[in-house]
Amino acid sequence: MEIMLGLVVLIFVVALAVLPIVAIVRTLRITELARRVSGLEAALGRLIAQQSLAQTQPLAQTQPAVPQPVEPPVPEQPPVPVSSLVPTPQPPAPANEPPPARPTPAATEPPIISAPQPWPRSPQPAHESLETVIGRRWLGWVAIALICAATLFFLKYAFENRWIGELGRVIMGIVAGLAMVWAGYDRHRKQWRYFSQVLSGGGVIVLYLSIYAAFGYYHLISQPAAFVFLAIIIAQAHLLALAYNARSIVLVGIIGGFLTPVLLSSGRDQYVVLFTYIFILNCGTFGVIIARAWPWIAPLSYIGTQALFWIWYSEHYHPDKRVAALLFQFAVLALFVLACLLTRWRGRQTGPEEWIRLAVTPFVFYATCYYLLNDDHHDWMAALALVLAVVFAGLARWDLSLAVPDRRFLLVALGTALTFVTLAIPVQLHSNWITVAWGVEAAALLWASWETATPALRTFSACVFFLAIYRFLILDTPVSRAPFTPVLNRYFLGMLALVISLAAAAYVSGRRRPVDDSSPRWAWSSGLAAFGVLLFGSSLEAYTYFSSQAAAIGNIPRPELLETVRSLHWAGQLSLSLLWSVYALLLTAAGFRYRLTPLRTVGLVLFGITLAKVVFVDIAELRAFYRIVALLALGLVLLGVAFAYQRILRQEQVK
């Protein structure tokens, strides 16, 4: 029953990995056929136009010449003194010149769809020298910092001497901040680009600090009022950034926005208000991205969002608040993925920032869900991973339906989906089933990579194969085994499934027509990996079959069983020598049959290893009977191989 259940789950998981790939392969083939049909239509149109032009030109050349009308003779006139003013008549056109051919309408060609244009970034100023950068930008911000420091020292001195009261200090800060913002706006209208940004950014900082001081130090306003005022200042910073086309101001607004809940914390857990505020702040960032598409604004907002969430989690989380926390994380994921989709929906090409965001945000969401739900709902974790895999496979399919698909966006979405399938396997399955599922998935990915001509999928397939082989060697391989039935056991069957997956990968890579430059390398790599896994697994199976029985008998304290234990150990060593000899013989024979030198080379190397084991291990440790069998078997096999080499060399010499 357990095996049947494992097979059903394995088929379901692998189907989720393979079916999206098959759909994408079919879509790519249909797109390619449509492109070829359009090309044939264009070529046919050009051919028809050329034939029409060829038929028109001979007709024009065979038209009879039209006779010119003969005018009556004009009597001679006396010479005119100003004859130089009379224009000289032009020679008449030849009578047999054909009239110009009528232009034929050009063949109607299908519209050519241009490649996706990059996302329109904000206009960048021309290259500036270091002197200009220092004079126009850095000096202004340094000046603002010095003025703020001088103001703080003055206010400190005034506060210590009781010159200004608490309310007066806050009013002074607000007036100074508003004045700086207004001065910056006035400079902006006069085209003082950088100076206006410095003044307005400094004004936003002064206003922010003034409101915080009114709440945190002087307790002049309540927490809700401070929250509203700071939200207004943050919105003002975003609007000023859009008006000035200045990313520095929006950075001030974002940093201030995420610092607000920390600075205004009262110790009470108001998680609904906190989550709503963070989501609205991210919506503002989303609006800025749509309007200006400034780089790396969204990642900064996402980092601030996660930082505030986990600060809240460490201080106030309780299982009763789990639903609200998960809904908040889902809303954040949907918002940032929507930002990537909006880029593609507008027909623009995505960049590294969108790729990173599309690849990171779903895994952060899944890790959060796993951390919060795994203890109580472990059975649903694999299902959640598969749901996310289906969603991102759907995004990849949606991108293919656009007029001009974005290859990088497609690869990131598909890679994310396949990674979730890979994660779902160890979450849901156990033991050797994980290795089997990873092997099947890697083989399917390699097939899809050849069908879609996508090298990135081959790289992902190699990574999954590496995970499967690593798990087989490190986790699935038992350190010690109880007596077992050879071949028909979980370890050997899991090993055999992995070998079949690697062999299928080698077959798929080797059967490529036309052969790709990298297909032989992939075929040989997969084939050697399959043989290595088979050699290791079958050798361990053969040796542990005898050693496990010897260990079980050795636990019985009876002296007459010691000879049986030694015989079992000798039988294990003999089984290794015979097994390696058979594998070496098969490799060499296959190399002769298919005329593949690498196979013969590997066979000879394995013969050398077997010979070294027989000479240095078997002769020294085995009993006379086992020693004779090992030497005789290896000798006969080597004699057959030598005979085959001699025969083939003679045949090649005769030819």
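**Group meeting: a core, a helix and an arginine**

L358 touches V337, C340, F392, F409, V412, A413 and T416, leaving aside residues up to four places away in sequence. I start there because L358, together with V533, has the most contacts inside the largest nonpolar core, a set of buried nonpolar residues joined through side-chain atoms within 4.5 Å. That core has 101 residues. Helix α12, residues 407-428, gives the most to this core, with 12 residues. Apart from it lies another core, of 14 residues, and W580, L599, V614 and L634 are among them.

Before going on, I should say that this is a predicted model.

Now the overall picture. The protein has 655 residues, and 39% of them count as buried. Its secondary structure comes to 19 helices and 2 strands. Take the contacts between residues at least 6 apart in sequence: 73% of those join residues at least 24 apart. The exposed surface is about 38,100 Å², and carbon and sulfur atoms supply 69% of it.

Next, one helix. α15 covers residues 490-510, which is 21 residues. Does its length come out as expected or not, at 1.5 Å a residue? The expected span is 30 Å, and the end C-alpha atoms are 30 Å apart, so the two agree. The buried residues of α15 are Y491, F492, G494, M495, L498, V499, S501, L502, A505, A506 and S509. At the start of the helix, a side-chain oxygen of N489 comes to within 3.3 Å of the backbone nitrogen of Y491.

N489 brings me to the last residue, R481. R481 sits in the loop between α14, residues 455-476, and α15. Is R481 buried or exposed? Its relative accessibility is 18%, and the cut-off for buried is under 20%, so R481 counts as buried.

What does R481 touch? Not counting residues up to four places away in sequence, the list is N489, Y491, E541, T544 and S548. Two of these are polar partners through their side chains. The side chain of R481 makes a polar contact of 3.2 Å with the side chain of N489. With the side chain of T544, the polar contact is 3.3 Å. As for S548, that residue is 67 residues from R481 along the chain, yet their C-alpha atoms are separated by 5.8 Å.

To put the last part together: N489 has a side-chain polar contact with R481, and a side-chain oxygen of N489 also reaches the backbone nitrogen of Y491 at the start of α15. R481 touches Y491 as well.

That is what I have for today.

Methods: Residues are numbered from 1 along each chain as its sequence is written. This is a predicted model: local features need pLDDT of at least 70, side-chain atom pairs count only at pLDDT 80 or more; totals for chains, interfaces and linings use all residues. Side-chain values use heavy atoms; hydrogens and water are left out. Helices (H or I, at least four residues) and strands (E, at least two) are DSSP runs, numbered from the N terminus. The expected span of a helix is 1.5 Å times one less than its number of residues. Buried means under 20% relative accessible area, exposed over 50%, partly exposed in between (1.4 Å probe, protein chains only). A polar contact is a pair of N or O atoms within 3.5 Å; within protein, one must be able to donate a hydrogen and the other to accept it, and residues adjacent in sequence count only if both atoms are side-chain atoms. Contact means heavy atoms within 4.5 Å. Accessible areas come from the Shrake-Rupley method with a 1.4 Å probe; for residues, only the protein chains shown count as cover.
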